[in-house]
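Please give me a tour of this structure that I can follow in a viewer. Tell me what to select at each stop and what is found there.

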Amino acid sequence: MGPFRVILLPGSVLPAEPAYGSLVTALGSDAEAVWKELEVYATAEAPADYTLDLEVAGVLRDAGARGWDRFHLVGYSGGGAASLAVAARHPDRLSSLALLEPAWAGRWDLSPAAQALWREYDRLESLPPDQFMRAFMRLNVKPGVELPPPPSGDPPPWMAKRPGGIRAFMKTFRTYDLDRGALACFDRPVYFALGGQSNLDQFGEIAKRLSGVFPDFQLEVFEERHHFDPPHRIEPERLADSLRALWRRADRAEPAASN
């Protein structure tokens, strides 16, 4: 059996390589791990008609270019939301699904606290870009959690696209039809990594809802982590062990399928 075939989708802030470089190193030769940039950043500005379907098409295009009929998918934050869309629309292509605090997971059965939080996200729309990013980050963590300081010096060129990309994600989250019934029929193993210092009205609520949807759902809590010091960057060895276990279990459940 060869290495596990894996596509990794980043969140809406860091590009894929700095986001996943440490995890790919930790996985070593066990995985043919490919990090993929989000399609929302493929153009100078986010497409006006952007939806998660653009990310779904991009994932399938990259897998097809490698000749991968089936593969393991890992998605963080906005990339996690896109990964859920892949699982709903093309479940036959996935051997397993790993969700690292997906930013969104449909609109069904939202708790009152989650509904209030999404109203707070809506209020960010009126902020200028410099204030928008900091306020956006603050909503993703528990009150009192210290956010990482802004990088010194001039911001990297890719940062200019981030407010527009995040707004595009938030816009599609309001209208995208994530098919709960399709997810409930997804019979492959699903893993969810949750940071104990993240905003649990968002990410903890998403984990709870998805645990009642996916037939095979595993939650792992990283108590000291939050959305902006996630395990794939801060505890890559631990996460790599968890992912290997997920992928081996997926292989045992489907011995005739390729990685």
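The tour below visits two pockets and then a strand with its neighbours, in a model that is predicted.

**Stop 1: the largest pocket**

Select Val 13, Met 133, Met 137, Pro 151 and Met 159. Of the 27 residues that line the largest pocket, these lie nearest its centre. The volume of this pocket is about 600 Å³. Next, colour β3 (71-77), α5 (129-139) and α9 (231-234), the elements that each give two or more residues to its lining. Keep α5 highlighted, as this helix contributes the most, with six residues. Colouring the lining by class gives 19 nonpolar residues, five polar and three charged.

**Stop 2: the second largest pocket**

Clear the selection and move to the second largest pocket, with a volume of about 160 Å³. To see its lining, select Trp 104, Gly 106, Arg 107, Leu 110, Gln 115, Trp 118, Arg 119, Asp 122, Met 170, Phe 173 and Arg 174. Which elements give two or more residues to this lining? They are α4 (112-123) and α6 (162-175). The most comes from α4, with four residues. Sorted by class, the lining of this second largest pocket holds five nonpolar, two polar and four charged residues.

**Stop 3: strand β5**

Now select residues 190-195, which form strand β5. Are its residues buried or exposed? Six of the six are buried, and the strand is mostly covered. To check the two faces, show Val 190, Phe 192 and Leu 194 on one side, then Tyr 191, Ala 193 and Gly 195 on the other. Both faces of β5 are covered.

**Stop 4: the neighbours of β5**

Add strand β4, residues 94-102, to the view. β4 and β5 pair in the parallel sense, over four bridges. For a point of reference in this pairing, pick Ala 98 and find Tyr 191 of β5 opposite.

Then add strand β6, residues 217-222. β6 also pairs with β5 in the parallel sense, here over six bridges. Pick Val 190 and look in β6 for its bridge partner, Phe 217.

To finish, follow the chain from β5 to β6. The path runs through helix α8, residues 203-211, and this β-α-β crossover is right-handed.

Key: Residues are numbered from 1 along each chain as its sequence is written. This is a predicted model: local features need pLDDT of at least 70, side-chain atom pairs count only at pLDDT 80 or more; totals for chains, interfaces and linings use all residues. Side-chain values use heavy atoms; hydrogens and water are left out. On a 1 Å grid over the protein atoms alone, a cavity is a set of points where a 1.4 Å probe fits but cannot get out, and a pocket is an open set with protein on both sides within 12 Å along at least five of seven lines; lining residues have an atom within 4 Å of a point. Grid points are joined across faces, edges and corners, and a volume is the space filled by probe spheres set on the points. Ala, Val, Leu, Ile, Met, Phe, Trp, Tyr, Cys and Pro count as nonpolar, Asp, Glu, Lys and Arg as charged, and the others, Gly among them, as polar. Buried means under 20% relative accessible area, exposed over 50%, partly exposed in between (1.4 Å probe, protein chains only). Two strands pair if DSSP finds at least two bridges between them. A crossover is right-handed if, with the strands pointing away from the viewer, the path from the first strand over the helix to the second runs clockwise.
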